[in-house]
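This report introduces a protein structure to a reader who has not met it before. It treats one pair of helices and then three individual residues.

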Amino acid sequence: MNIWLAVLALLVALPGQALAFSFSEEAGKDAAQRQAKQAEISALLSEPCRKSIKGQTIALLIAEKQQGLMNVNASNQGVLFEALNSRLRGIGLSTIPQQAITARIARAEAEAILNNDPDAALAASKRLGAAFILKGIISARSGANKMVKANEVSVDIVLTLSDGSGRTVSQVRASGQSWAGTDVTGAALSVLDDQADTLVAKLYSDFCARGKK
């Protein structure tokens, strides 16, 4: 009887030990990934940047793209603007407040810029006094996930930095999913919270290296 009790005790104990080992291993992987991500960001932000370049002004425009149509809605997307704008300013770049942009650029003109109209971009750059325009296009699709019986939103965010002539200086992309029902803005914010530091660092590196050319 004692032998069987010992065997039973061993069988009960093994899963717990394996689980503890699994948690420890996953925690180690997460820590390594965080360190690698931070190292990448630090390397990108170490790009030499002349004051004459770093001080030039950037205008940020954001829109949702659904079924090929742009939707510019400042009141709904202000939180996304601030999520990016605060990071850009945090690394020393000069940006234009959203209120100034919406006050000086009509919605139709903003949509033309986001649809890659070079004449509209040039006119807006002059009116805003901006040397660069950063366009943020958020494409989204929502639907029910049958496996977990919940609504999810998948988003794809493309940030394109161009100079006043329309020349592309940098383009970066982020993708992800969120259990945000049909809330596209909430899903996009979730993706940005997770990936924005890396995206902004890549934009900064390209801006400093290529913006002067």
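## Helix packing and three buried residues

In this predicted model, helix H5 (residues 107-114) and helix H6 (residues 118-128) have axes that come within 8 Å and cross at roughly 120°. H5 and H6 are therefore oblique to each other. The crossing in which H5 passes H6 is left-handed. On the H5 side, Glu-109, Ala-112 and Ile-113 take part in the contact, and they meet Ala-120, Ala-121, Ala-123, Ala-124 and Arg-127 of H6. Sorted by class, the contact of H5 with H6 comprises 6 nonpolar and 2 charged residues, with no polar ones.

The description now turns to single residues, beginning with their location and accessibility.

| Residue | Element | Relative accessibility |
|---|---|---|
| Ser-205 | helix H7 (residues 184-210) | 11% |
| Thr-160 | strand E5 (residues 150-163) | 11% |
| Asn-85 | helix H3 (residues 74-90) | 6% |

Ser-205 belongs to helix H7. Because buried means under 20% relative accessible area, Ser-205, at 11%, counts as buried. Ser-205 and Cys-49 are separated by 156 residues in sequence, while their C-alpha atoms are 8.4 Å apart in space. When neighbours within four places in sequence are left aside, Ser-205 is in contact with Leu-44 and Glu-47.

Thr-160 is part of strand E5. With a relative accessibility of 11%, Thr-160 also counts as buried. What does the side chain of Thr-160 make a polar contact with? The partner is the side chain of Gln-171, at 2.8 Å. Gln-171 also appears among the residues that Thr-160 touches once those up to four places away in sequence are not counted; the others are Ile-133, Leu-134, Lys-135, Thr-168 and Ser-170.

Asn-85 lies in helix H3. Its relative accessible area is 6%, so Asn-85 is buried. Leu-60 is 25 residues from Asn-85 in sequence, and the C-alpha atoms of the two residues are 7.6 Å apart in space. Leu-60 is also in contact with Asn-85, as are Thr-95 and Ile-96, leaving aside neighbours of Asn-85 within four places in sequence.

In summary, H5 and H6 cross at roughly 120°, and their contact contains no polar residues. Ser-205 is buried in the model, Thr-160 is buried, and Asn-85 is buried as well.

Terms used
Residues numbered from 1 in each chain as written. Predicted model: local features only at pLDDT ≥ 70, side-chain atom pairs only at ≥ 80, totals over all residues. Heavy atoms only, no water. Helix = DSSP H or I, 4+ residues; strand = E, 2+ residues; numbered from the N terminus. Buried < 20%, exposed > 50% of the residue type's maximum accessible area, 1.4 Å probe, protein only. Contact = heavy atoms within 4.5 Å. Axes fitted to C-alpha atoms, helices over the stretch in contact; angles between N-to-C directions. Parallel < 35°, antiparallel > 145°, perpendicular 65-115°, else oblique. Left-handed = near helix turned anticlockwise from the far one by under 90°. Nonpolar A, V, L, I, M, F, W, Y, C, P; charged D, E, K, R; others polar. Polar contact = N/O pair within 3.5 Å; in protein donor to acceptor, adjacent residues only side chain to side chain.
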